[in-house]
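Here are a few short exercises to work through with the model open beside you. Try each task before reading its solution.

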Amino acid sequence: MSRKHRRKKAKWSRRLLPQIGMIIGAIFILTIAASAYIQVRGITSTYLEAKEEIMRPMAKRMQDSIGKYGAIGRIFDIWLKFPDDFNIWMDYDESDPFYKELTESFEFDEDSIPIYDPAEIESFENRKRNLLAMYAFNSIYTELLLCLYQQETVTSMLVDLTDANYGKVLMLTEDLYSVMEKDKTDSVDPHRGEDVSEMLNEMPGVKKMMNGESGFHRFDSPKDGEYYYLYMEPVKENGKVVAALILAYNWSDFHSNLIKKQLLIAVISGLILLGAAVLLLYFINRSAIRPLGRIQQGVRSYMQNKNSEEVAERMDQIKQKNEFGVLADDVSQLAEEIDRYTDEITHLTGERERVAAELSLAAEIQLGVLPVEFPNVPDYKLYATMTPAKEVGGDLYDFFDIDETHLGMVIGDVSGKGVPASLFMMIAKLVIREYAQAGGSPAEVLTKANKTLCENNTNDMFVTAWFGILDRTTGKIVASSAGHEYPILRDPDGEYRLIKDKRGFVLGGMDISKYKEYELELKPGGTILVYTDGAAEATNANEELFGTDRMLEALNQHLEDAPKELVEHLKEAIEVFVGEAPQFDDLTMLCVRWDGTEKTEEQAG
């Protein structure tokens, strides 16, 4: 399936505008939810702080009332032992028998019993201690009723937390007990002594309260499913927590009203944000998506028709002055530039094809200048090859008969590469052959060729060359070098070795250069190899040179090879060494093996 076809089948939800709408909707929903959560938590926290400010003085008032009696723990014990006696409500008048007995047993100070020392209380007889405890109970209960009257929504419980009576109810109102009760089949008589230890273990904040900390804690009622905030205040005696005063506030109604109002706020906010989202999407569609769609259509139109004028007309329809308007201008300009570049590339491609054709023709001409057919005679075998680094090279080789008994051999390397080097190479080759066939020693030939090449050499090109003349009857070679590589020689019973001959200056460098010559002798079966620097200086990927040592090693592995096989094996060894590295220089080699003649053998005899 093509890319264009896939786009046509793209789902509606994958288009840009629905995606932006979904993102904006998700952001608004998260914003509303987070705001509602923060507001509920903030209002709850603020409300509880306000309630705590109200409940703390009330709890302090209860603490003071309980703490008026020096042996509070002892009074708790009495409450638990005689719960029925504490159902008496004292009217505090002379007609009340309890009040009459109380006034006869204790001295009153300003209508209240003075505070007694705990040791003094222990010296009282049981009835007197019970009377004191009953008086304390009525006083504390009266104080509690006053507090609850001031805070109608608050219910309370006083629970014993001592080790002996942990969880025993000392004083309560029925509402709070009902809230905490799990299973209630009958109405419960909220008398003192009820065990609520299991309930305490489920109430949060009890551990903190045992450490003397007060504060609000949430409590989920197992009975009615509603939840309450319990304000817990520790009751201490001698620095140790002996009881807990628990004040409860039913949070469910307030929280329900809060949630309703918050939902109303959320709905109103959602409608406002929905309107804002619609306006925002309209603006995005008008200012961004619609221009982007036109730009996309213009690009597709150009891909199909390659008409920059049509693209420019489409882009002119985009009137926005923002980034999309700039983008439209850039697309229009880009289409025009692509048209221009396409025309240039078409022109350059034609030029390149023409140059390639000319280079191919030049390569054919160069190969036509170099001899490719090698003599098949009994006294010697000759083979040469030239591999250019580019389409055409600057290396040269040549061999030709000077007379019936002498063979001229030339190899050279022109500075530079490409067509100029190839032209200079052909000139140098023709000049050397012309002077050699006209007669003269190798040194004289190179001297004359140098002067000719120096004339009008405005490009300062030069060529290294080696020229040798083989006497086919004796195997002797008279040679001269113009800065060329050392030749390699092998006797029939030996290995290949490097001949470090005397070098002169390059041809085409200075017209006053003189050249010296030297002699080499080939015995029957002896071989000489001359080459350009492309062989020794062949470089691999690690920038290592092949070098003359590797050349000698490769040649000595094929001592019995004929010139053609020997050159091909050496060329193969160089290619293996170079690997994937590019060839930077022309590679040229010329090899001759002299096998001798019958006349030579007779002379030797």
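**Exercise 1.** Find out how many residues lie between strand 7 and strand 8 in their hairpin, and in which sense the two strands pair.

*Solution.* Start with the connection: 4 residues separate strand 7 from strand 8 in this hairpin of the predicted model. Next, look at the pairing, which is antiparallel and runs over 7 bridges. Finally, pick out one bridge: F399 has M409 in strand 8 as its partner.

**Exercise 2.** Decide whether strand 7 is largely enclosed or open, using its residues 395-401.

*Solution.* Buried means under 20% relative accessible area, so that is the cut-off to apply. Of the 7 residues in strand 7, 6 are buried, and therefore the strand is largely enclosed by the rest of the structure. For background, buried residues make up 43% of the 605 residues in the protein.

**Exercise 3.** Locate D413, then work out whether D413 is buried or exposed and which residues it contacts beyond four places in sequence.

*Solution.* First, place the residue: D413 belongs to strand 8. Second, check its relative accessibility, which is 10%, so D413 counts as buried. Third, list its contacts beyond four places in sequence: G394, D395, F462, V463, T464, H484, T532, D533 and D585.

**Exercise 4.** Take a step back: how many helices and strands does the protein have, and what share of its contacts with a separation of 6 or more joins residues 24 or more positions apart?

*Solution.* Counting elements gives 18 helices and 15 strands. Turning to those contacts, 68% are between residues 24 or more positions apart.

Definitions and conventions: Residues are numbered from 1 along each chain as its sequence is written. This is a predicted model: local features need pLDDT of at least 70, side-chain atom pairs count only at pLDDT 80 or more; totals for chains, interfaces and linings use all residues. Side-chain values use heavy atoms; hydrogens and water are left out. Buried means under 20% relative accessible area, exposed over 50%, partly exposed in between (1.4 Å probe, protein chains only). Contact means heavy atoms within 4.5 Å. Two strands pair if DSSP finds at least two bridges between them.
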